[in-house]
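Student: I have a structure open and would like to go through it. Can you take my questions as they come?

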Amino acid sequence: MTLAERLAAYLTRTSGTRTQVENLARIPGGASRETYRYDAIANDRREGFILRRDPPGSLIETDRRAEFLAIRSFAGKGVAAPEAVALEAEGAELERPFFIMRRVEGGQSASPFAPDPFGEHAAAMGEQFFTIMGRIAAEPLASLPILEVKAPPSPDACWRSELDYWAGVIEADEQHPQPIVRAAVRRLYATPPPPAQRISVVHGDYRVGNFLHDGAGRIIAVLDWEMAHLGDPLEDMGWACDPLWSNAGDPRISGMVSRADAHAIWRRASGLAIDEQAMAWWALFASVKGQAIWTSSAKEWRDGGCCEPILAFSGWFTARRQDEILAERLAEMGPL
Amino acid sequence: MTPTLPDILAGQAAALMQPSPPEAGSEYQAGRMGIVVMLASLAAQEAQRGPAARLWENEAIAVLLGAQPESEPDFSWRGLDARNAELRRALIARHEAAEAAGDRVLQAKILELYLAMAKARRLELAG
């Protein structure tokens, strides 16, 4: 059976209505999930959906249930989360875990490496981008679906659990000694940040390239919630502002707004403060986390038979750029 | 750093020879081909500058560590990377020792070297 036939069988069984699947096509969408678009036709009605299925080997070992519940946590909350429709943790007819979201039509994604990705809409995009990030940070945790799978860490320990995890990834997946990121990891352990001012949902991969916009200055979907967890809300700010996502020489964050404007917008939307010491820690952490992901990417590429070029790109070009960012940050900070 | 240029080139061949599944849409295929093209452009830079960057880095680390020169140096990609791995491991240990001892002068030298190492291996995206 083809994937479309298996998906149709699943939809027919679970809905109790004969459902056809048409126009199933894989689309570019990161290396950690296979992403497909398709139309489902039932009772003469056609609707568009996105299928996210685990690949045989995954770049980021994430819990698809956490991703699904994170998206559900923000339904109708003004953060452009897509509508999460179904989750099959055991894979059912599709043999590998997957979930389904309603398709957001008419959107485009910007490449982190494109020069001036938003043109005349840069300021409007920055306003929305950092406002949405602030709303995610401000959302009260009580009763959010993500609490089913993620326990809130204590404000003074959330940095350590994240750092332990990503330092462990580097330790496990490194195939060539990396002195720069290892020095950064030691510095982070040696100089912990102040306790988080609150525990929030952290999107975990909030950056340019992970949202859809309408080409006219409006964000219409925030995607890629696969690393969502609970922690210090400044973590998302550190990740979004990593220089990796901005063109060298462009002082704006991802071609949108200045760092100062980004912080001001976020403070307004979240009602939270930005402690500079904490921000510096989370900024360095973001580069360490990035390098951990690119390290895994290189390993995954080799272990998977070198067939997914995006993994080679991440494990090579992106890893080298991240090393340069880390080295610059460490040089600015000076000796311990 | 991994992957090496021979890895990249062999991987591109593997990726291009792999048959596409029926559900791979044109958008996905175009995106995949775009990345293969970018990798080819990066590979050209690495072929031109990679060996010199490795030789320079190995020499710079060896000088900082006061390491003995190799009696029979191997100038193949694999040989340069093997020597680099050995030197980088020693550099990590030396940096840790400098931090433990509070030797800020040596730490500053090492941080300066890290920056030069990262810049020497820089790859540029075309266009």
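Tutor: What follows goes through the sheet, two loops, the core and the chain contact of this predicted model.

Student: Start with the sheet. What is the strand order in chain A?

Tutor: The open sheet has five strands, in the order β1-β2-β3-β5-β4 of chain A, with antiparallel pairing. β1 and β4 of chain A are the edge strands, each pairing on one side only. From one strand to the next, the twist averages 25°.

Student: How many bridges join β4(A) to β5(A)?

Tutor: Four bridges, and the two strands run antiparallel. In that region, Glu88(A) stands opposite Phe98(A) of β5(A).

Student: Which helix lies across β4 and β5 of chain A?

Tutor: Helix α2 of chain A, residues 64–73, and its angle to β4(A) is about 165°.

Student: On to the loops. Which residue lies between β2 and β3 of chain A?

Tutor: Asp44(A) is in that loop, with β2 covering 34–42 and β3 covering 45–53. Asp44(A) is not a glycine, yet its phi is positive, about 60°.

Student: Buried or exposed, that Asp44(A)?

Tutor: Asp44(A) has 5 other C-beta atoms within 10 Å, so it counts as exposed.

Student: And what about phi of Glu95(A)?

Tutor: Phi of Glu95(A) is also positive, near 70°, and this residue is not a glycine either. Glu95(A) sits in the loop between β4 (84–88) and β5 (98–102) of chain A. With 12 other C-beta atoms within 10 Å, Glu95(A) is exposed. The cut-off for exposed is 12 or fewer.

Student: Different topic, the largest nonpolar core. Which residues touch the most other members?

Tutor: Leu7(A), Met133(A), Ala184(A), Val288(A) and Tyr114(B), out of 110 residues in that core. Helix α8 of chain A, residues 276–303, gives the most to the core, with twelve residues.

Student: What is Met133(A) in contact with, apart from its neighbours in sequence?

Tutor: Beyond four places in sequence, Met133(A) contacts Tyr206(A), Asp236(A), Met237(A), Ala240(A) and Trp266(A).

Student: Last one, the contact of chain A with chain B. How many residues does each give?

Tutor: Chain A gives 42 residues and chain B gives 42 residues. On the side of chain A, the elements that give two or more residues are α1 (3–15), β1 (20–26), α5 (179–190), α8 and α9 (309–333).

Student: Which of them has the largest share?

Tutor: α9(A), with 15 residues. By class, the side of chain A that touches chain B has 28 nonpolar, six polar and eight charged residues.

Notes
Residues numbered from 1 in each chain as written. Chains lettered and ligands numbered in written order. Predicted model: local features only at pLDDT ≥ 70, side-chain atom pairs only at ≥ 80, totals over all residues. Core = buried A, V, L, I, M, F, W, Y, C linked by C-beta atoms within 7 Å. Buried ≥ 20, exposed ≤ 12 C-beta atoms within 10 Å, placed from the backbone. Contact = placed C-beta atoms within 7 Å. Nonpolar A, V, L, I, M, F, W, Y, C, P; charged D, E, K, R; others polar. Pairing = 2+ DSSP bridges. Axes fitted to C-alpha atoms, helices over the stretch in contact; angles between N-to-C directions.
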